[in-house]
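Trainee: Got a minute to walk through this one with me? Put it up and let's start with the vocabulary.

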Amino acid sequence: MNTIEKFNEHVMATYGRYPLVMESGSDECAVDEDGKKYIDFGSGIGTNSLGYCNDDWVNAVCDQVKTLQHTSNYYYTKVQADFASKLAEATGMDKIFFGNSGAEANECAIKIARKYSFDKYGKGRHNIITLVNSFHGRTLTTLSATGQDVFHNYFFPFTEGFIYVEANNIEDLKSKIDNTVCAIMFEYVQGEGGVLTLDKEFVDAIYEIAEKNDILTISDEVQTGVGRTGKFLAGDNYGKKADIITLAKGIAGGLPMGACLTGKKCSGVLTGGTHGSTFGGNPVCCAGGLAVLNKAADSDFLDEVVKKGEYFRKKLSEIDEVVSTSGIGLMIGITLKSKKAGDMAKAALEKGLLVLTAKDKLRLLPPLTVTYDEIDEGMKILAEILA
Ligand SMILES: *Cc1c(COP(=O)(O)O)cnc(C)c1O
């Protein structure tokens with residue numbers, strides 16, 4: 001039995017997987033079982049923010065795993081304290097709850113929004129506005145929050161209390177505000193929904209309406225956060241900071257970690273016993289996170305992300321098959337003229353390049369540390385496939 005057959009015998013078939021058995025990686029290159037190399041412009045869906053096995057990250061994680069791999073949240077650890085301080089400094093937020101994934105970070109955000117409103121106004125003001133085409137996770141509640149009908153199937157009953165508004169439609173947003181709404185939740189750039197960037201006017205409207213009605217803003221920065229857009233937070237591109245911000249994906253360089261951050265307004269909402277997680281804030285994940293922040297919170301590093309994003313876009317604009325690009329920084333959606341994104345991703349893989357798709361677009365989320373040589377090498381393959 002080969003690896004794929006063995007794998008499929010007992011692992012649930014919940015993913016459409018490519019026939020690639022990944023064995024190792026270094027920097028921007030992944031290596032499969034047969035020793036074939038791939039340039040990775042997907043970085044494990046934006047998780048391996050420093051590429052594969054970055055030296056500083058490996059050292060931090062290995063030192064920690066040899067010292068203390070885990071302890072319960074009934075005790076304190078220095079590494080979680082250090083990581084929280086650095087994350088608060090990078091984001092300008094006040095308090096943080098650590099979980100293990102994006103969905104969990106969003107669950108925490110939803111609980112905070114509802115409790116904030118419950119504490120202040122009592123029952124009935126629990127509705128949360130989310131956007132059509134959004135993606136917020138795979139738990140029952142975050143599936144409800146996700147504004148896509150394809151996800152609202154099979155698993156009934158779903159969590160109640162989500163209202164969907166069309167992205168970039170200010171009139172639709174206004175028409176759905178009433179005294180049952182406690183929060184508006186959104187991605188500045190909808191990742192899974194097709195790398196769709198929110199207009200500045202729409203974001204301004206969200207904040208204005210929220211401010212006027214004591215409605216909380218929740219920005220899901222699970223995909224856009226931690227430097228992905230060339231700012232530490234995507235909201236920095238808009239000059240906005242939500243009351244509640246969620247992070248995951250790239251935050252710990254490929255280790256499972258999610259974080260829900262609050263500004264002063266919501267700092268005291270979750271009190272003793274109202275939330276928890278066994279693994280949340282795990283020391284090894286925090287050590288990995290610190291290694292990421294040591295790079296990604298630096299303004300020179302972020303400026304480079306902007307420049308590399310521009311370089312990618314320039315290269316892409318030279319390809320005839322590329323109609324347009326979307327997104328910000330190193331979060332790149334590619335609209336193709338006539339070729340199918342899924343077919344192109346498969347063709348790329350055969351030629352030694354890993355890319356992602358989002359709806360009918362190709363999507364690139366390269367490591368933030370990608371070099372110009374690697375961009376050139378990968379783009380050469382992409383140009384060949386799209387020719
Ligand atoms: C990936 C993603 C999630 C879900 O994260 P998980 O770690 O898979 O739970 C939530 N929101 C956004 C915007 C995402 O991109």
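Mentor: Buried means under 20% relative accessible area, exposed means over 50%, and partly exposed is in between, with a 1.4 Å probe and protein chains only. This is a predicted model, where local features need pLDDT of at least 70, side-chain atom pairs count only at pLDDT 80 or more, and totals for chains, interfaces and linings use all residues. Residues are numbered from 1 along each chain as its sequence is written, and side-chain values use heavy atoms, leaving out hydrogens and water.

Trainee: Okay, so is Ser134 buried or exposed?

Mentor: Ser134 is buried, at 1% relative accessibility. Ser134 sits in the loop between β5 (127-131) and α6 (140-145). Helices (H or I, at least four residues) and strands (E, at least two) are DSSP runs, numbered from the N terminus.

Trainee: What does the side chain of Ser134 reach?

Mentor: The backbone oxygen of Leu131, at 2.6 Å. That's a polar contact: a pair of N or O atoms within 3.5 Å, where within protein one must be able to donate a hydrogen and the other to accept it, and residues adjacent in sequence count only if both atoms are side-chain atoms.

Trainee: Zooming out, how many helices and strands does the chain have?

Mentor: Twelve helices and 17 strands. The C-alpha atoms fill a box of roughly 60 × 50 × 45 Å along the principal axes, and 51% of the 387 residues count as buried.

Trainee: And what radius of gyration does the chain have?

Mentor: 21 Å, which agrees with the value near 21 Å for a compact globule of 387 residues. The radius is taken over C-alpha atoms, and the globule rule is 2.2 Å times the number of residues to the power 0.38.

Trainee: On to the ligand. Which residues are around it?

Mentor: Ser101, Gly102, Ala103, Asn106, Phe135, His136, Gly137, Glu187, Asp220, Val222, Gln223 and Lys249. A residue makes that list if one of its heavy atoms lies within 4 Å of the ligand.

Trainee: Which helix gives the largest share of that shell?

Mentor: Helix α5 (residues 102-121), with three residues. By residue type, the shell has three nonpolar, six polar and three charged members. For that split, Ala, Val, Leu, Ile, Met, Phe, Trp, Tyr, Cys and Pro are nonpolar, Asp, Glu, Lys and Arg are charged, and the others, Gly among them, are polar.

Trainee: What does the side chain of Asp220 do there?

Mentor: An N or O atom in the Asp220 side chain is 2.7 Å from a nitrogen atom of the ligand. On the backbone side, an N or O atom of Gly102 lies 2.8 Å from a ligand oxygen, and a backbone N or O atom of Ala103 also lies 2.8 Å from an oxygen atom of the ligand.

Trainee: How much of the ligand's own accessible area does the protein cover?

Mentor: 81% of 380 Å². Those areas come from the Shrake-Rupley method with a 1.4 Å probe, and for residues only the protein chains shown count as cover.

Trainee: New topic: how many disulfides turn up in a search of the whole structure?

Mentor: Zero, with a disulfide being a pair of cysteine sulfur atoms within 2.5 Å. Cys260 is in none, and its nearest cysteine sulfur, that of Cys108, is 3.8 Å away. Cys266 isn't in one either, and the nearest sulfur there is that of Cys260, at 8.9 Å.

Trainee: Is Cys260 buried or exposed?

Mentor: Cys260 is buried at 1% relative accessibility. Cys266 is buried as well, at 2%.

Trainee: Now backbone oddities. Which residues does a cis peptide bond join?

Mentor: Phe156 and Pro157, with omega about -5°. Pro157 is in the loop between α6 and β6 (162-165). Most residues other than glycine have a negative phi, and most peptide bonds are trans.

Trainee: So what's phi for Ser43?

Mentor: Positive, about 40°, though Ser43 is not a glycine. Ser43 belongs to helix α2 (residues 43-46) and is buried, with a relative accessible area of 1%. Ile45 is in helix α2 too. Phi of Ile45 is positive, near 55°, and Ile45 is partly exposed at 36%.

Trainee: Last one: where is Asp149?

Mentor: In the loop between α6 and β6, exposed at 68% relative accessibility. Its C-alpha is 8.8 Å from that of Asn133, 16 residues apart along the chain. Asp243, in the loop between β10 (216-220) and β11 (244-247), counts as buried at 17%. The C-alpha atoms of Asp243 and Lys265 are separated by 6.9 Å, with their positions 22 residues apart along the chain.
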